[in-house]
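Here are my notes on this model, as numbered points. Please read them with the structure open.

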Amino acid sequence: MSVKVFVGNLPFGVTDEKLKEEFGRFGSVESARVVTDKHTGRSRGYGFVEFADQVAADAAIQGMNAQPMEGRNLTVSAAKSQANERP
DNA sequence: GTTGAGCGTT
């Protein structure tokens, strides 16, 4: 299973590859995707990062949350889409 | 050429 993490307040110059590289420093990133507008095709300023382990996701959240990137402080937290919180 | 709250695509 993978852990999804919500990343907000991203600079407009960031991309999925950039996210994967930045978040890959804390752990194994299975996939990283920046949400882009469907109508304009431009980045909305937030994205999602999928980690291979909860430990890596927590390390990234603790290490990248409220951290400045490209001049903007990132907002990293657990994604809502995870569900399955408690059976 | 622009902007800034928000949880996406199969």
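1. Start with the packing around helix 2. The cover over its buried residues includes strand 1, helix 1 (16–23), strand 3, strand 4 (68–69) and strand 6 (75–78). Keep in mind that this is a predicted model.

2. Which residues of helix 2 are buried? Helix 2 spans residues 54–64, and its buried positions are Ala56, Ala57, Ala60, Ile61 and Met64. Viewed down the helix axis, these fall within an arc of 135°, so they line one face of helix 2. The general background is simple: an α-helix has 3.6 residues a turn, so residues three or four places apart point the same way.

3. The other side of helix 2 reads differently. Val55 and Gln62 are exposed, and they sit on the face turned away from the buried side.

4. Look just past the helix. Alanine 66 follows helix 2 and has a positive phi, near 65°.

5. Now the aromatic rings. Searching the whole structure gives 4 aromatic pairs. One of them joins phenylalanine 6 and tyrosine 46; the ring centres are 5.7 Å apart, the planes meet at 40°, and the pair is tilted. This pair connects distant parts of the chain, 40 residues apart: phenylalanine 6 lies in strand 1 (residues 3–8) and tyrosine 46 in strand 3 (residues 43–51).

6. Are these two rings buried or exposed? Phenylalanine 6 is partly exposed, at 25% relative accessible area. Tyrosine 46 is also partly exposed, at 24%. Buried would require under 20%.

7. Phe48 belongs in this picture too. Phe6, Tyr46 and Phe48 make up one aromatic cluster.

Definitions and conventions: Residues are numbered from 1 along each chain as its sequence is written. Chains are lettered from A and ligands numbered from 1 in the order in which they are written. This is a predicted model: local features need pLDDT of at least 70, side-chain atom pairs count only at pLDDT 80 or more; totals for chains, interfaces and linings use all residues. Side-chain values use heavy atoms; hydrogens and water are left out. Rings of Phe, Tyr and Trp (its six-membered ring) pair if their centres lie within 6.5 Å; planes under 30 degrees apart count as stacked, over 60 as edge-to-face and the rest as tilted. Helices (H or I, at least four residues) and strands (E, at least two) are DSSP runs, numbered from the N terminus. Buried means under 20% relative accessible area, exposed over 50%, partly exposed in between (1.4 Å probe, protein chains only). The arc is that of the directions from the helix axis to the C-beta atoms. Contact means heavy atoms within 4.5 Å.
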